[in-house]
Every structure is written in structure tokens, then in C-alpha cells.
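Trainee: Could you walk me through reading a model like this one?
Mentor: Sure, let's have a look together.

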Amino acid sequence: MIMAARRKMDIPYRTISSKHPIWTVSLIVSSPVNHDLVRNLISVYMTSPNEGWAVGTFSTIIHHVNGKWENASGQPGEHLNDVKMVTPTEGWAVGGGTGLGEILHYTGGQWTLEGTPMLRLILFVLAFPSPCDGWIVGATILDLTGGTLD
């Protein structure tokens with residue numbers, strides 16, 4: 001079921017030092033959200049104020065564009081723990097939850113499995129100092145150089 005949710009919550013936060021101003025954090029959810037998709041999200045990456053990606057359990061991938069979140073998942077698989085876009089049209093997602101580490105690559109408008117799932121290798125975090133060089137961290141450290149795994 002798709003429901004429109006709108007919530008605003010202001011949480012004042014004061015820093016320890018009196019030299020810093022008071023910060024206010026606002027949470028606003030105003031786009032239609034399929035709650036079956038979003039209840040188990042783990043990571044979100046926004047490429048702009050109007051576009052972003054979120055990943056979660058059971059290979060959940062949702063895409064925010066044109067003011068709404070839409071399902072972008074491929075086939076069911078492992079839990080996805082992180083997502084990063086290196087350009088608006090290319091990105092990576094990693095995960096693993098039942099003992100198979102997975103790396104997904106977004107290019108050409110779709111997410112595809114990169115290589116074969118890795119037995120007993122759960123992957124947690126992606127880092128990209130540049131669009132062509134990245135690191136994947138989990139039960140090991142993997143190097144993405146020039147967009148390929150080394």
C-alpha cells in the first residue's frame with residue numbers, strides 16, 4: 001500500500017561550547033512511500049537535493065526522483081548495507097547478511113551483480129575518493145580501481 005506521509009519534527013541541539021549557535025534538525029517526509037519497501041532501509045545516498053538512492057534488507061533498492069521514492073530493486077538477494085553513487089548515472093551497493101557478500105553496480109540505468117557472491121564475506125561500507133577509485137570494507141578490504149575490482 002502506498003501512503004503519503006508528512007511529518008515534521010524539530011529537535012533543538014546545543015553544542016557544548018557557547019561560541020557555537022543552536023542547531024535545529026528538521027525531518028520532513030512528504031513524498032509517497034511504500035512502507036513495505038522502507039521499513040528495513042540501512043543506508044541512503046543523495047546525489048542532489050532532488051535525487052537519491054536507499055538500500056536495505058533483501059536487496060531492497062529504492063530511488064528518489066521527481067519528488068517520490070520508487071522501487072529500483074532487481075532480484076531478491078542479500079541484505080545491502082551501503083550505497084554510493086560516483087556520478088549521477090553510476091553507483092555501487094554492497095552487502096551480505098546470510099553469509100554471501102554481494103557487490104552491485106549501477107550503470108546503463110540498472111543494478112547488476114558484479115561477479116559472483118562471495119562465501120562468508122559480508123561487505124559493509126563503500127568509500128570513493130574519486131569516481132574511478134574506491135574501497136569496499138567488510139570482512140576484508142577490496143579495491144575498486146578504474147571501476148573494476150582488484
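We'll go through confidence, then a sheet, then a hairpin.

Trainee: Where is the confidence lowest, and where is it highest?
Mentor: This is a predicted model, so check pLDDT before anything else. Where pLDDT is low, the predicted coordinates should not be read in detail. Here the chain averages 75, with 69% of the residues at 70 or above. Strand β1 (residues 2-4) sits at the bottom with a mean of 35, and strand β9 (residues 80-87) tops the list at 94.

Trainee: Which stretch from the first residue on stays under 50?
Mentor: That's residues 1-20, and the model still gives them 41 contacts beyond four places in sequence. Residues 23-31 also fall below 50, with 29 contacts beyond near neighbours in sequence.

Trainee: What is the strand order in the open sheet of 4 strands?
Mentor: Read it as β5-β6-β7-β8, with antiparallel pairing. β5 (41-48) and β8 (68-71) each have a single partner strand, so one side of each lacks a neighbour in the sheet. Ignoring direction, neighbouring strands are turned by 20° against each other on average. Inside the sheet, β6 (residues 51-56) and β7 (residues 61-65) pair over 4 bridges, and A54 stands opposite I62 in β7.

Trainee: Which side chains of β16 are buried?
Mentor: Along β16 (residues 141-145) the side chains alternate: L142 and L144 point to one face and are buried, while I141, D143 and T145 point to the other and are not. β16 also forms a hairpin with β15, with 2 residues between them. The two strands pair in the antiparallel sense over 5 bridges, and I136 stands opposite L142.

Methods
Residues are numbered from 1 along each chain as its sequence is written. This is a predicted model: local features need pLDDT of at least 70, side-chain atom pairs count only at pLDDT 80 or more; totals for chains, interfaces and linings use all residues. Side-chain values use heavy atoms; hydrogens and water are left out. pLDDT is the predictor's confidence in each residue, from 0 to 100. Contact means heavy atoms within 4.5 Å. Two strands pair if DSSP finds at least two bridges between them. Axes are lines fitted to C-alpha atoms, for helices over the stretch in contact, and angles run from 0 to 180 degrees between N-to-C directions. Buried means under 20% relative accessible area, exposed over 50%, partly exposed in between (1.4 Å probe, protein chains only).
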